[in-house]
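Biologist: I'd like to learn how to read a model like this one, feature by feature. Can you walk me through it?

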Amino acid sequence: MGILGDSLDKATAATFTRPLPKSARSRMRFLVKHEKGTRGVAAVLGVSQRTVERYLTGQLKQPRKDLAARLEAAVRERWQPRVRDRAKRRAATSGGIVIETRARFGFTAAPGSTDDSRTRLITQSLPPAYAARLFAAQDAGATEQQLRAIAAEGLQEIYFKDRGRRAQGLNVEFTDIDYVELEF
């Protein structure tokens, strides 16, 4: 995933009510319970079924770096799905989403105005409709460009056009992203 998709995942993880399991053993136990057996966990992590069993019995305690990263990612992906869904639903129906970014914004505007792109630091609350579109696109497997287009449209309408009260005919391009942080 790209920078915007990772930001959505990070914002979703911030809604968790309990911390992730810390040890490799407890993470394996969680995955075995979730996947309903050691065979599924072995397939997810790309290790043998016996390796998973060794972590469960405590024979192995410290996974290699690559396995530790895959283990954490697998647990994070499956951790508290109802809490995650509730937070997304709240953002998509009533709360909206706050986007903070430092990026280069280019413009296509009416003749006589400047269209030079420049780097801006923007913190803007987007209405629930844009949050719903971002979540739906992410769930549908949208590319980073498609997510950026939705975010750019939201910033264009809310920040630059002030909900249609100014800058008619302005089109915003969201490029050269330095960072993006989302919160809902």
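Biologist: Let's start with one residue: in which helix does Glu144 lie?

Modeller: Keep in mind that this is a predicted model. Glu144 lies in helix H8, which covers residues 144-160.

Biologist: Is Glu144 buried or exposed?

Modeller: The cut-off for buried is under 20% relative accessible area. Glu144 comes in at 16%, so it counts as buried.

Biologist: Which residues does Glu144 touch, leaving out those up to four places away in sequence?

Modeller: Glu144 touches Gly2, Ile3, Leu4 and Gly5. With Gly2 there is also a polar pair to look at: the backbone nitrogen of Gly2 lies 3.5 Å from a polar atom of the Glu144 side chain.

Biologist: On to the nonpolar core. Which residues touch the most other members in the largest one?

Modeller: That core has 29 residues, and Ile97, Phe105 and Phe174 touch the most other members. Two or more residues each come from helix H1 (3-13), strand S1 (97-108), strand S2 (118-126), helix H7 (128-139), H8 and strand S3 (171-183). H8 gives the largest share, seven residues.

Biologist: What does Ile97 touch, again without residues up to four places away in sequence?

Modeller: Quite a list: Leu8, Gln124, Ser125, Leu126, Ala131, Leu134, Phe135, Leu182, Glu183 and Phe184. There's a second, separate core too, with 19 residues, including Phe30, Leu45, Val52 and Trp79.

Biologist: Leu182 turned up among the contacts of Ile97. Where is the place of Leu182?

Modeller: Leu182 sits in strand S3, and its 11% relative accessibility means that it counts as buried. Apart from neighbours within four places in sequence, Leu182 is in contact with Leu4, Ser7, Leu8, Ala11, Ile97, Val98 and Ile99.

Biologist: How many Å apart in space are Leu182 and Val52, C-alpha to C-alpha?

Modeller: They are 35 Å apart, with their positions 130 residues apart in sequence. Val52 is one of the residues in the second core.

Biologist: Now helix packing. What do I need to describe two packed helices?

Modeller: You use the angle between their axes and the distance between the axes. Take helix H3 (residues 38-45) and helix H4 (residues 49-57): they pack at about 110 degrees, with axes 8 Å apart. That makes H3 roughly perpendicular to H4.

Biologist: Which residues of H3 and H4 meet?

Modeller: From H3 you have Thr38, Arg39, Val41 and Ala42, and these meet Gln49, Val52, Glu53 and Leu56 of H4. Sorted by class, the residues of this contact are four nonpolar, two polar and two charged.

Biologist: Let me zoom in on Thr38. Is Thr38 buried or exposed?

Modeller: Buried, because its relative accessibility is 13%. Without residues up to four places away in sequence, Thr38 touches Val32, Gln49, Val52, Glu53 and Leu56.

Biologist: And at what angle do H7 and H8 pack?

Modeller: About 175 degrees, with their axes 10 Å apart. H7 and H8 are therefore roughly antiparallel to each other. H7 brings Tyr130, Arg133, Leu134, Ala137 and Gln138 to the contact, and H8 brings Leu147, Ile150, Ala151, Glu153, Gly154 and Glu157. The classes here are six nonpolar, two polar and three charged residues.

Biologist: What comes after H8: in which loop is the place of Ala167?

Modeller: Ala167 is in the loop between H8 and S3. At 32% relative accessibility, Ala167 counts as partly exposed. Ala167 touches Phe160 and Lys161, not counting residues up to four places away in sequence. Ala167 and Gln156 are eleven residues apart in sequence, and their C-alpha atoms are 9.6 Å apart in space.

Biologist: Last topic, backbone angles. What sign of phi do most residues other than glycine have?

Modeller: Most of them have a negative phi. Lys36 goes the other way here: it is not a glycine, yet its phi is positive, about 60 degrees. Gln80 also has a positive phi, about 45 degrees, without being a glycine.

Biologist: Where are the two of them, starting with the loop that holds Lys36?

Modeller: Lys36 lies in the loop between helix H2 (24-35) and H3. Gln80 has its place in the loop between helix H5 (65-78) and helix H6 (81-95).

Biologist: Is Lys36 buried or exposed, and is Gln80 buried or exposed?

Modeller: Lys36 has 74% relative accessibility, so it counts as exposed. Gln80 has 9%, so it counts as buried.

Technical notes:
Residues are numbered from 1 along each chain as its sequence is written. This is a predicted model: local features need pLDDT of at least 70, side-chain atom pairs count only at pLDDT 80 or more; totals for chains, interfaces and linings use all residues. Side-chain values use heavy atoms; hydrogens and water are left out. Helices (H or I, at least four residues) and strands (E, at least two) are DSSP runs, numbered from the N terminus. Buried means under 20% relative accessible area, exposed over 50%, partly exposed in between (1.4 Å probe, protein chains only). A polar contact is a pair of N or O atoms within 3.5 Å; within protein, one must be able to donate a hydrogen and the other to accept it, and residues adjacent in sequence count only if both atoms are side-chain atoms. Contact means heavy atoms within 4.5 Å. A nonpolar core is a set of buried Ala, Val, Leu, Ile, Met, Phe, Trp, Tyr and Cys residues joined through side-chain atoms within 4.5 Å. Axes are lines fitted to C-alpha atoms, for helices over the stretch in contact, and angles run from 0 to 180 degrees between N-to-C directions. Angles under 35 degrees count as roughly parallel, over 145 as roughly antiparallel, 65 to 115 as roughly perpendicular and the rest as oblique. Ala, Val, Leu, Ile, Met, Phe, Trp, Tyr, Cys and Pro count as nonpolar, Asp, Glu, Lys and Arg as charged, and the others, Gly among them, as polar.
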